Structure formats: C-alpha cells, structure tokens
Amino acid sequence: EENLIFQYETIKNQVNPHFLFNSLNTISSLIQTHPDAAEQFIYNLSSVYRYILENGQKDSVPLQSEINFISDYFSLHKIRDEEKIILEINIPDAGQFRILPVSLQILLENAIKHNMASRENKLRINIYTEDQQIVVRNNLRRKSTQIVSTKQGLTNLAERIRLTCKTELVIEESNDFFSVKVPLIK
C-alpha cells in the first residue's frame, strides 16, 4: 500500500502542469520559426507522457526502456535550453538490468532544476553504472537564487527504492559534483 502511494505521488509530480505549460509555450514559439523542430518536440512530448502513464505504476521496467524515455525527455530540454546542457549516457550492459520507472527522469529534472547552465559554462549530466547501481552525476552550478524545493522528488524516490528494492538511495555531494545512485534490478 505504501509503495502504491509513493508511485502515485511520483506520477502526479511528473505529470507536472508547469512542465506541460512550458512545453506548450515552446511548441508555440517553434511552430512558425522551426516547424520541423516543433513536430519533433510534439512527438517526444507525447512519448514522454505515454511512458509515464504506461509505466509509472510498475515496480520495474527494462533499463533500456528507461534510457530511451530519458533520451526523449532530454530532447525536450535540449530544444528549450539550446545546447546549454550536455547529457552523456554510458551504459553498455543496459539489457541485463531493470530499474524503477521514471527514476532517472526525476534525477535528471533535479539536476536541471537546481543548476544554472550557459553556453560558456554548460551543465554536464553523466549517467553510468557502477557496482550494480546506476549513477546520475552532474557538475554543481547552483543557481544564485535557489528555487524553493519541496524535495518531494528525491524523498519519494528514496522511499520507493526502500520499499521495492529493500535498500537505500545513495546521495553524494562535493564542492564540484552532485551524484545519486539508484540500485539496478537483475
């Protein structure tokens, strides 16, 4: 029952009206100036929401499916943020594992939300495996005025991991980097 509550909260947070509003504004601005980019944006946006609706309540999904989902999600930011954010995914053995659905998206969104990015000083997000865990690591480029955060994303993810995987979410922070480790499921 607790697990279902946290899964519901995760879905509710991810079907975010603010994200949808920003996406619709992006589409509106792209339609006249870059119609091909607008069409791709709409396709990726629909893929993102389809994935969330189809998989958000599952206990686990294939890691490769989650990576494909993250690629679609990131492409939306890439169009909006004009190459200020770099995402590198290095997971050669993705076909062997499963992961909690929407977990990587929460961590990607967290990195984007709390860090600034410019063409000169890009936000770099790396996703890779290490010791049966997937690591999402970004350089720290904290915004000068921090967005008020409810910390519900990380809290809900940590609780889902505790309930589903019987282990803890690992968060590490230094002066230069912030990383979160999510357990992989065989």
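This is a guided tour of a few salt bridges, one buried serine and two helix contacts, to be followed with the structure open in a viewer. The model is predicted, and the residue numbers used below run from 1 along each chain as its sequence is written.

**Stop one: the salt bridges**

The structure holds four salt bridges, and three of them are visited here. Begin by selecting Glu-130 and Lys-181 and showing their side chains, which meet in a salt bridge with a nitrogen-to-oxygen distance of 2.8 Å. Glu-130 belongs to strand β4 (residues 123-130) and Lys-181 to strand β7 (residues 177-183), so this pair ties together parts that are 51 residues apart in sequence. The two partners are not equally accessible: Glu-130 is partly exposed, with a relative accessible area of 29%, whereas Lys-181 is buried, with a relative accessible area of 11%, because buried means under 20%.

Keep Lys-181 selected and add Glu-172, which forms a salt bridge with Lys-181 in which the closest N and O atoms are 3.5 Å apart. Glu-172 is partly exposed, at a relative accessible area of 39%. Through salt bridges that share partners, Glu-130, Glu-172 and Lys-181 are joined into one network.

Now move to Glu-173 and select it together with Arg-142; these residues form a salt bridge, and their closest N and O atoms are 2.0 Å apart. Glu-173 lies in strand β6 (residues 170-173), while Arg-142 sits in the loop between β5 (133-139) and α6 (152-165), so the pair ties together parts that are 31 residues apart in sequence. Glu-173 counts as partly exposed at 48% relative accessibility, and Arg-142 also counts as partly exposed, at 40%.

**Stop two: a buried serine**

Select Ser-23, which has its place in helix α2 (residues 17-33). Is Ser-23 buried or exposed? With a relative accessibility of 0%, Ser-23 counts as buried. Display its surroundings as well: leaving aside residues up to four places away in sequence, Ser-23 touches Phe-41, Leu-45 and Arg-80.

**Stop three: helix α4 against helix α5**

Two packed helices are described by the angle between their axes and the distance between the axes. Show helix α4 (residues 63-81) together with α5; their axes come within 9 Å and cross at roughly 30°. That angle makes α4 roughly parallel to α5, because angles under 35 degrees count as roughly parallel. The crossing of these two helices is right-handed. To see the contact itself, select Leu-63, Glu-66, Phe-69, Ile-70, Tyr-73, Phe-74 and His-77 on the α4 side, and Ser-103, Leu-104, Gln-105, Leu-108, Glu-109 and Ile-112 on the α5 side. Coloured by residue class, the contact of α4 with α5 divides into eight nonpolar, three polar and two charged residues.

**Stop four: helix α5 against helix α6**

Keep helix α5 (residues 103-114) on screen and bring in α6, which packs against α5 at an angle of about 155°, with the axes 10 Å apart. This makes α5 roughly antiparallel to α6, because angles over 145 degrees count as such. Here α5 passes α6 in a left-handed crossing. For the residues involved, select Ser-103, Ile-106, Leu-107 and Asn-110 in α5, which meet Gly-153, Leu-154, Leu-157 and Arg-160 in α6. The residues of this contact divide into four nonpolar, three polar and one charged. As a last selection, return to Ser-103, which takes part in the contact of α5 with α4 and also in that of α5 with α6.

Methods
This is a predicted model: local features need pLDDT of at least 70, side-chain atom pairs count only at pLDDT 80 or more; totals for chains, interfaces and linings use all residues. Side-chain values use heavy atoms; hydrogens and water are left out. Helices (H or I, at least four residues) and strands (E, at least two) are DSSP runs, numbered from the N terminus. Buried means under 20% relative accessible area, exposed over 50%, partly exposed in between (1.4 Å probe, protein chains only). Contact means heavy atoms within 4.5 Å. Axes are lines fitted to C-alpha atoms, for helices over the stretch in contact, and angles run from 0 to 180 degrees between N-to-C directions. Angles under 35 degrees count as roughly parallel, over 145 as roughly antiparallel, 65 to 115 as roughly perpendicular and the rest as oblique. A crossing is left-handed if the near helix is turned anticlockwise from the far one by less than a right angle, and right-handed if clockwise. Ala, Val, Leu, Ile, Met, Phe, Trp, Tyr, Cys and Pro count as nonpolar, Asp, Glu, Lys and Arg as charged, and the others, Gly among them, as polar.
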